[in-house]
Amino acid sequence: MESVLNWIYTGLAVLVLFGASIFVHEYGHFWMARRRGMKIDGFSIGFGPKIVSWRDKDGVEWALRWIPAGGFVKLPQMITSEAIEGKAAADIPPISPVTKILVAVAGPVMNVAFALLIATVVWAIGLPVPVNPSIIGRVLPDSVEGKLGVKSGDRIVAVNGHPVKSWQEINLEVVTALTNVVPVTVARGTERFTVSIPTKKSETLGLKYLDLEPQERPIVGLVQPNMPAAGIGLQTGDKILSFDGIYVLNQEHLTEIVNRGQGRACEIIIERGGRQLTLQVTPVYDPETKRGRIGIGFAGGHYELQRPGPTPAEQIGGVLRMMGKTFWALFHPAQTGVTPKDMSGPAGILGKLAVDVNTDFRLALGFMVMLNINLAILNLLPLPVLDGGHITMALYEIVARRRVSVRFQEWATTAFAVLLLSFMAYVSFFDVRRLPLFLQLFKQTPVIEQSGSQPAPPPAK
């Protein structure tokens, strides 16, 4: 029952958050159109057939539609796409280019204002930040990286000349690099040196990555009943520091050490509530996995609550940097491997929101900042059917002192509407193929710590 309620809560929260972003954008157009005395026929959230609709006292039809891929305000004085919005009356007086520009700009402006409001809330209430410092885990001496002098415990401080502090930043720099061999700057104590490390390509995602493991303390996310871990009292949130006298570097490392210790008592040192505890546990053979196990599952993510959160300027600046790198990678697909199929459509956005809501609602709010800035910028692209297309044609009217042909506007807008819907269907196809990944992330149990908690020092090796 609890699981069903969680799914319902997550689904409703996702629809409200995503719908809010669409609503504020379209309301910007609606509000400015009203201010400029334009005729308004309809206000819709979503595309396609109507789920429910009604008319207000001014004759505006408000509708909620089945395809949650955007929305529109039906303004017959703005040349739009009949493929999306349906036919409009032909006997409507024209409007000035300035009015067109103001109405078109109002939608993105509302998204930016909404993003600033949410970013201010996130700054006030705090934001869970992933704990994944750029420290390297195991490095085999005979590996390419080992032969280049990289060792376990080294910290990556720059990739391709750009400073990094986390594995998220490392992965982003590697993916967007234009070469398959990237310069990596490593710090070891006071020493710094740069090595050129060849990348590998993920068979699942098709993106480049460094063949290096992060150093991270495994965190217990699940304790299975009737298994050794439950017998010694391990709890969700416990951080495993060492096992059988070996300092644990990451989850994969722990799995191997536990397997080697099956059938004999092993010392396990954990951190719980800032204190270190030493326990004894005997791994047992699991015929299903054919490995020695103690009966734990790992937490799906390790976060530290940053309070106050990042400032609105930091949040929006981070979104702009991410968008810049994404566009850079998309314009160099041969070198980066990033193509439109790696982008997210409505299905991917809804999936990401669901994972964030299920993890911590503050993460979903942080994602909303990114979503609204993206909506604002992408809608300003100078393409027919987008706000930027209306602005471009209105500017042409001002400069050329003549109106753009109505037939041309209708043809261009409809053609680009079909292309846009086709592109959304294309990226949504790959979003659906990534559904198992979203489901896996949704089921994981994260650990969120209060800010200021200091990690325990590593036990003696």
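User: Which residue of β12 stands opposite Ser 242?
Analyst: This is a predicted model, in which local features need pLDDT (the predictor's confidence in each residue, from 0 to 100) of at least 70 and side-chain atom pairs count only at pLDDT 80 or more, while totals for chains, interfaces and linings use all residues. Residues are numbered from 1 along each chain as its sequence is written, and side-chain values use heavy atoms, with hydrogens and water left out. Strands β11 and β12 (residues 246-247) pair in the antiparallel sense over two bridges; strands (E, at least two residues) and helices (H or I, at least four) are DSSP runs numbered from the N terminus, and two strands pair if DSSP finds at least two bridges between them. Opposite Ser 242 in β12 stands Tyr 247.

User: Which residue in the hairpin of β11 and β12 takes a positive phi?
Analyst: The hairpin has two residues between its strands. The positive phi, near 55°, belongs to Asp 244.

User: In β13, what is the bridge partner of Phe 243?
Analyst: Strand β13 (residues 266-272) pairs with β11 in the antiparallel sense, over four bridges. Within β13, the partner of Phe 243 is Ile 268.

User: Is Lys 239 buried or exposed?
Analyst: Lys 239 belongs to strand β11. Five of the five residues of this strand (239-243) are buried, so β11 is largely enclosed by the rest of the structure. Beyond four places in sequence, Lys 239 has contacts (heavy atoms within 4.5 Å) including Arg 217, Glu 271, His 302 and Glu 449. Buried means under 20% relative accessible area, exposed over 50% and partly exposed in between, with a 1.4 Å probe and protein chains only; at 5% relative accessibility, Lys 239 therefore counts as buried.

User: Which strands stand at the edges of the four-stranded open sheet?
Analyst: Its order is β5-β4-β6-β7, with antiparallel pairing. An edge strand has a single partner, so one side of it is left without a neighbour in the sheet. That applies to β5 (162-163) and β7 (191-198).

User: What angle does the direction of α5 make with that of β4?
Analyst: Helix α5 (residues 167-176) packs on this sheet, touching β4 and β5. Axes are lines fitted to C-alpha atoms, for helices over the stretch in contact, and angles run from 0 to 180 degrees between N-to-C directions. The angle is about 35°.

User: Which element gives the most to the largest nonpolar core?
Analyst: A nonpolar core is a set of buried Ala, Val, Leu, Ile, Met, Phe, Trp, Tyr and Cys residues joined through side-chain atoms within 4.5 Å. The largest has 44 residues, and Leu 75 and Leu 353 have the most contacts inside it. Elements that each supply at least two residues include β1 (42-55), β2 (61-74) and α10 (346-359). With nine residues, the element giving the most is α1.

User: How far apart are the end C-alpha atoms of α8?
Analyst: The buried residues of α8, among them Ile 316, Val 319 and Met 323, pack against α3, α5, α9 and α11. The expected span is 1.5 Å times one less than the number of residues, so the 19 residues of α8 should span 27 Å. The distance in the model agrees, at 27 Å.

User: Which element has the lowest mean pLDDT?
Analyst: The chain averages a pLDDT of 86, and 94% of the residues score at least 70. Over residues 81-85 pLDDT stays under 50. Where pLDDT is low, the predicted coordinates should not be read in detail. The lowest mean, 46, is that of helix α2.
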